[in-house]
Amino acid sequence: MKLECKNVWEHISGYLDKQLDAELLEAVEKHLESCEVCSAILDSTRNILVLTADDRVYELPVGYSVRLHERIAAVIESRQG
Amino acid sequence: MKAAATTDEKALIARVVAGESEVFHELIRPYERLVYVTIFAILKNETEAEDGAQEAMISAFRNLKSFRGEAKFSTWLVTIAMNEARKRLRKAKTAAEDSLDEPRDDGEGDFTPEVLTDWREIPLAALERKELREKLQEAVATLPQKYQEVFVLRDIEELNQEETAAALGINVTLVKVRLHRARMMLQQVLAPYLRSEVPFRGQGKPLVDQGKPFNAQGKSVRGGFFRRWFQ
């Protein structure tokens, strides 16, 4: 199976999640070996996903947990009261 | 993502349902971040997200009896959080209806990734820069909603495909399709920005060094992406 760049792009996500079947995986890897463009797209996508998955991107507001539990406590109290 | 529906957790749920309401505090502690981040990633507004997270947790408390234990507790909670985010997003859209805001692009059609052959990895240390964090948040928050929801659950909250499908009420095939589309949209928006705006000092090893899940300091990378990829 020989893939064009455009076909490879369709499988980047599946490739990153290791969900391609053996034949397709082999074809994608073969293409990547010789295609600088697709390799760069793959690397940039992977890098972006690593960055967005980092806990530092989404930080909790200071005092969030305390306020959350206070609010819940108030709800519990009003129920019981 | 904590493994949910453990025996301990089931016991806590049973106690809350039986009337020991105080136990709810303990039950939700592992999921405070999950609920907040799910809502924030979509709304990109701290006040709204915090208020939404509180509402979601209170809703979970009030409806805990209806949790059947077939799904993971975390998946059930994230479904409530997602509904809260959707509700607030709708409200914000209605408020903006008369403004000049363009509707969110549906994103259908062909895409062409950004081709940057001199691409280099952005080190995780760059995340210390607030500007970069905000750019990432903004890129996620402006994805079309159907792609955004899948991306948030799969790639930020690290739910698996089945959990994501269950939480959103769609099938696994659609999860895959939408996730791919979301990732490619982010690549298009972020790759040129990262390439041109984030200073790269050329020190240390690149972030992805021969596929090993370690950053330049040899420390295990936070977040679950590498865990999924390289296990």
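## A two-chain predicted model, chain by chain

Chain B has a mean pLDDT of 81, with 76% of its residues at 70 or more; pLDDT is the predictor's confidence in each residue, from 0 to 100. This is a predicted model, in which local features need pLDDT of at least 70, side-chain atom pairs count only at pLDDT 80 or more, and totals for chains, interfaces and linings use all residues. Residues are numbered from 1 along each chain as its sequence is written, while chains are lettered from A and ligands numbered from 1 in the order in which they are written.

**How far to trust it**

For chain A the mean pLDDT is 93, and 99% of its residues reach 70 or more. Among the elements of chain A, helix H2 (residues 12–16) has the highest mean pLDDT, 96, and helix H4 (residues 36–53) the lowest, 92. Helices here are DSSP runs (H or I, at least four residues), strands are E runs of at least two, and both are numbered from the N terminus. For the complex, the predictor gives an ipTM of 0.93 and a pTM of 0.82.

The stretch to be careful with is residues 202–231 of chain B, where pLDDT stays under 50. The model still has 43 contacts beyond four places in sequence for residues 202–231 of chain B. Where pLDDT is low, the predicted coordinates should not be read in detail.

**Where the chains meet**

Two residues are in contact if their C-beta atoms, placed from the backbone, lie within 7 Å. On that basis, the contact between the chains takes 34 residues from chain A and 48 residues from chain B. On the side of chain A that touches chain B, H2, H4 and helix H5 (64–80) of chain A each supply at least two residues. H4(A) gives the largest share of that side, 15 residues. By class, the side of chain A that touches chain B has 19 nonpolar, 7 polar and 8 charged residues. For these classes, Ala, Val, Leu, Ile, Met, Phe, Trp, Tyr, Cys and Pro count as nonpolar, Asp, Glu, Lys and Arg as charged, and the others, Gly among them, as polar.

**Inside chain B**

The secondary structure of chain B comes to 10 helices and 0 strands. Of the 231 residues of chain B, 35% count as buried. A residue is buried if 20 or more other C-beta atoms, placed from the backbone, lie within 10 Å of its own, exposed if 12 or fewer, and partly exposed in between. Among contacts in chain B between residues at least 6 apart in sequence, 70% join residues at least 24 apart.

Chain B is assigned domain 1 (7–94) and domain 2 (107–201), with bounds that come from an automatic or database domain assignment. Taken over C-alpha atoms, the centres of these two domains of chain B are 24 Å apart. Where they touch, 12 residues of domain 1 are in contact with 14 residues of domain 2. Helix H3 (32–43) and helix H5 (73–96) of chain B each supply at least two residues of the domain 1 side, and H3(B) gives the most, with 5 residues. That domain 1 side divides into 7 nonpolar, 3 polar and 2 charged residues.

Now for one helix pair in chain B. Helix H8 (residues 161–168) and helix H9 (residues 172–197) of chain B pack at an angle of about 100 degrees, with their axes 9 Å apart. The axes are lines fitted to C-alpha atoms, for helices over the stretch in contact, and angles run from 0 to 180 degrees between N-to-C directions. That angle makes H8(B) roughly perpendicular to H9(B), a label that covers 65 to 115 degrees. From H8(B), Gln161(B), Glu162(B), Thr164(B) and Ala165(B) meet Val172(B), Val175(B) and Lys176(B) of H9(B). The contact of H8(B) with H9(B) has 3 nonpolar, 2 polar and 2 charged residues.

**Two loop residues with positive phi**

Most residues other than glycine have a negative phi. Lys18(A) and Glu158(B) have a positive phi although neither is a glycine.

| Residue | Phi | Loop | C-beta atoms within 10 Å |
|---|---|---|---|
| Lys18(A) | about 55 degrees | between H2 and helix H3 (22–34) of chain A | 11 neighbours, exposed |
| Glu158(B) | about 65 degrees | between helix H7 (145–156) and H8 of chain B | 17 others, partly exposed |

**One more spot in chain B**

Asp8(B) is found in helix H1 (residues 7–17) of chain B. Asp8(B) counts as exposed because it has 10 C-beta neighbours inside 10 Å. From C-alpha to C-alpha, Asp8(B) and Leu194(B) are 44 Å apart in space, and 186 residues apart in sequence.

Methods: Parallel < 35°, antiparallel > 145°, perpendicular 65-115°, else oblique.
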